[in-house]
Amino acid sequence: MELKNSLQTDQFSEIIIVSNRGPVTITKDEQGATTYKRGSGGLVTALTGLAHYKKLTWVACAMSPEDSEWKHGQICLEDNDCDLTVRFINPDPEAYDGFYNQISNPLLWFLQHSMWDVPRSPVIDYKTWKAWDTGYQVVNRQFAKEIAELVRQKKKPVLIMLQDYHLYLTARYLKKYLRGQAVTILLFVHIPWPGPEYWGILPSRMRYEILDGLAAVDLMGFQTSEDGLNFIRTCENFLPKSVVRYRNRRVRYRSHDTFIRDFPISIDVGALEAMAESAEVALYQEEIARQVNSQKMILRVDRLEPSKNILRGFQAYESLLEMHPEYRGNVIFMAYLIPSRVGVEEYQTYLDEIMVFVGRINAHYGSSDWEPVRLLVGENYPRAVAAMKMYNVLLVNSIADGMNLVAKEGPIVNQKDGVLILSERAGARQQLGNGALVISPVDIFDTQKALHQALSMDIDKRQEKVAFLRRIVREEDINYWLKSQIDVLNSIKEKGKQE
Ligand code: GDG
C-alpha cells in the first residue's frame, strides 16, 4: 500500500513537523521582496510532500533575521506544488547558543556517537548546567508553547512529528501545556542511541529529564532495532518506576505507553536519479574523469565530522599503498568533505589533522604524475553525485552513524558496479550489510584488506552485491520510511481501541 493510502486511512486531520532547522530560510531579493531558500536533501522533500494529503505546518527555529521578521506564513515549494505553513520560533540568542552550541552539539551528539574520551571529556561545569537550564530547557519549552498554541484550537486529532535530539524535552512540556487534550506525538532520532553504559556517564538529573521527556512521546522511532533496544535498556536502568516490555517494545511510565520501533531512513530515489541525469552533474563528471583518468577510484563523501572516521580511512589507504605497491600509480582516493560546525574547535583540529595526514601520503607516495589522494573541502552536492556515479570503491567507515545516506545513494547512481565498504557501526549496516564489505571502523588493517578485496573483486560478485543494494534501497525508500511510521501509528491506535 502506498503512503497516500496509509494517510487516507489514518486518524489525523493535520500534521505538525517540528525540527531545529526548518525546510526553508527566508531571504530578500534585490528589490527587497521576500523569497525563500529551500533546505537540501530528501528529508525536506519527503516531509513537505505530506502537504499533498494533510494540512501541514512545520515549526522550526529562525536561522536568520529575515526568518525572525517573517515569523510565519504559507510556502509553496517549487517541487511540491502545494502549500505548507512554516512557523519560526525566535529564541533569545543566548538561550539558543546554550541549546545548540553547548548541549545539542557537542554534548548530546558526542554522547550518542560514543565520541567522548572519557578520562578527559565530557566536563560538565557551571556553564554546561547554565546551558541546560537556560538554553536546552528554555528552547524546548518555547517549541512546546508554540505547538500548544497551534493545537489548542483544534477539534480533530493532530499528529506531531518531532525530529531529532534537539527536542528531547518538548513532548513532556507540550503535554503539560495541553492539560489532557489528546495529541499523538512521534519523535524520530536520526542519530545512534547508545546503551545505558554510555548514558550512565551523563549526570543523573540531565539523564532523567531526557528520559522523562521522551516517555511522554507516543512513538519513538530509531534508525535500527539495536538503537531501539538500547533505548529500552536505558529506560530500564535510569527511569525509576518505568515498566519496560522488550517483546512489545514498549515503555510504560506515569500510566502512559511509549512504543519503540525502528524506521531506517532512506533517500528519494527518483529525485536522486533525476539529479544524476542532469547537465550540471554531467559537467562535473567530465571534470572528474579528467582527474581520475584510467585509475581506479576510491571515494568518500562526508560531512567533515570526527564521527565519520575520515582519518582512519586515510590510514587504511596508506597501509594499502605500503602493503600492495602494485596499486601505486593505479588508484586515486577522492575525498569530498562538506564543511560542518566550523566554529567548534574539535572540528577545526580534525580538519588540520586530515590535511597533515593527506599531505604526508601525497608527499611520500606521490610523484610528478600521480597524486594518491585528492581532497576537496566544500559544499557541492551535484559534484558529489557526479563522483558517486564513478567510484570503484565507496568507503563508509563511520565510528558511529545513525544511518549514512551516502551508502544508499552511491549504489543507486554508480555506473561501475562499485563496491561498498561499510562500517559495522553505521545504521545502514542493518539493511545493506549483505551487499557490502563490512568492516570494524577502528580496524585499519581490516579496512585495508577490504579496500584490496573491493579493488580486486570480479565483476560477477560486484554485480551481485550492487543488485542487492539497489533492490533494498528502491524497496525501502524515503516514502516507505514515512509510510511505516504512519502505519505503526495506525496499528497502535487500533490496538488501543481493542484493549
Ligand atoms: C544525520 C545522521 C543520517 C553530499 N555532498 C553534499 C551533500 N551531500 C549529501 C550526501 C547525503 C547527505 O549530504 C549526508 O548524509 P548522511 O547520512 O551522511 O548525514 P548526516 O549529515 O551525518 O545526518 C545520519 C541522517 O541524519 C539522516 O537521518 O543518515 O546518520 O548523522 O545525502 O550525499 N549535501 C549538501 N552539500 C554537499 O556538498 N548539502
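**Exercise 1.** In this predicted model, decide whether Leu311 is buried or exposed.

*Solution.* Step 1: the relative accessible area of Leu311 is 13%. Step 2: a residue counts as buried under 20%. Step 3: Leu311 is therefore buried.

**Exercise 2.** Which residues does Leu311 touch, leaving out those up to four places away in sequence?

*Solution.* Step 1: Leu311 lies in helix 12. Step 2: the residues in contact with Leu311 are Tyr350, Glu353, Ile354 and Phe357. Step 3: for Gly359, the separation from Leu311 is 48 residues in sequence and 12 Å in space, C-alpha to C-alpha.

**Exercise 3.** Describe helix 12: its span, its cover and its packing partners.

*Solution.* Step 1: helix 12 runs over residues 310–323, and its 14 residues reach 20 Å from the first C-alpha to the last, close to the expected 20 Å. Step 2: the helix is mostly covered, with 10 of its 14 residues buried; among them are Ile310, Phe314 and Tyr317. Step 3: these buried residues pack against strands 13, 14, 15 and 16, and against helix 13 and helix 17.

**Exercise 4.** How many salt bridges and how many residue pairs in polar contact link domain 1 and domain 2?

*Solution.* Step 1: domain 1 covers 2–266 + 479–494, and domain 2 covers 270–475. Step 2: the contact takes 19 residues from domain 1 and 20 residues from domain 2. Step 3: the area buried between the domains is about 1,400 Å², with 59% given by carbon and sulfur atoms. Step 4: the count is 0 salt bridges, while 5 residue pairs are in polar contact. Step 5: on the side of domain 1, helix 4 gives the largest share, 3 residues.

Conventions. Residues numbered from 1 in each chain as written. Predicted model: local features only at pLDDT ≥ 70, side-chain atom pairs only at ≥ 80, totals over all residues. Heavy atoms only, no water. Helix = DSSP H or I, 4+ residues; strand = E, 2+ residues; numbered from the N terminus. Expected span 1.5 Å × (residues − 1). Buried < 20%, exposed > 50% of the residue type's maximum accessible area, 1.4 Å probe, protein only. Contact = heavy atoms within 4.5 Å. Domains from an automatic or database assignment. Buried area = accessible area lost by both parts, 1.4 Å probe. Salt bridge = Lys/Arg side-chain N within 4 Å of Asp/Glu carboxyl O. Polar contact = N/O pair within 3.5 Å; in protein donor to acceptor, adjacent residues only side chain to side chain.
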